[in-house]
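Let us read this structure together. Questions come from the student, answers from the tutor.

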Amino acid sequence: MSNVSTKERILAAAEQVILAQGFAATSIEDILQKSAITKSGFFYHFANKQDLARALVMRYLNNDAAFFDSLFQRADELVEDPLQRLLLFLKLLAEAMQNLEQAHPGCLVVTFTYENYQLDSQIDDLMRSGVKSWQELIAKRLAIVCKERALPEGIAINDLADMFTASIEGGILFSRIFKSNERLVKQILLYRDYLMRLFV
C-alpha cells in the first residue's frame, strides 16, 4: 500500500473515532485498531497526536472547501443572477445533507474547539482560519448580490455570513442529537428563505 493511501486511511479512521468519542478520549491505539495500521505505520506518518490533529484539521478544511466550491461551481453553471446562484448553492447543500446515508457525523472543528485545552496554538489558528474562510465564502457572494440589491438597513454582510455557519453548525448538532439530518436540512432551507425575504 502506498504512503499516501496509508496516511489517508489513518486520517479517515481517526476522524471517525474522534467525532464519536472526542479527541482526549481517543488513544493512538483506538486509531490503530480502527485503521488496521501498525504503531510503526502510524509513527511513520505522524510524530504524535498533536501532529495528527493538525493534519486532520487541514484535511477537514480542505475537503469542506472543495465540497463548497463544487456546489458553487454547479450553481454558477446553471444560473446567472448572483442571488439565484447563492440560493441554488444553499438548495444543493440542503439536498446533499438530505442524501447522506446516516446522520451527519459532526464537525471536526467544533469537536476540537470544545477540547482546545488539549491542542497547541497552531491548531487553534488553523481552526480560526477555517471558520473565517466559511464566513468569507458567503460574504463574498453576498457582496456581489448587494451590488444589485440593497440589504435592509441595520443588517451587515459579515453578520449575515456568520449566520450561515451558525445555521450549519447548529443543524449538525441537531443531527447528532436526534440521529437524523432533517433539522440540518431545515436550517439550511430556513437560511435560504431568510435571504430571499431580505432581498425582495
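**Helices, core and surface**

From the N terminus on, the elements of the protein chain run α-α-α-α-α-α-α-α-α. This is a predicted model, where local features need pLDDT of at least 70, side-chain atom pairs count only at pLDDT 80 or more, and totals for chains, interfaces and linings use all residues. Residues are numbered from 1 along each chain as its sequence is written, and side-chain values use heavy atoms, with hydrogens and water left out.

Student: How many helices and strands does the protein chain have?

Tutor: Helices (H or I, at least four residues) and strands (E, at least two) are DSSP runs, numbered from the N terminus. The count for the protein chain is nine helices and zero strands.

Student: Which helix supplies the largest share of the largest nonpolar core?

Tutor: A nonpolar core is a set of buried Ala, Val, Leu, Ile, Met, Phe, Trp, Tyr and Cys residues joined through side-chain atoms within 4.5 Å. The largest one here has 57 residues, and F89 and F112 have the most contacts inside it. The largest share, 11 residues, comes from α4.

Student: Which residues does F112 touch, leaving out those up to four places away in sequence?

Tutor: Contact means heavy atoms within 4.5 Å. With that exclusion, F112 touches I18, F23, A53, L56, V57, L119 and M127.

Student: Is F174 buried, partly exposed or exposed?

Tutor: F174 lies in helix α8. Buried means under 20% relative accessible area, exposed over 50%, partly exposed in between (1.4 Å probe, protein chains only). At 33% relative accessibility, F174 counts as partly exposed.
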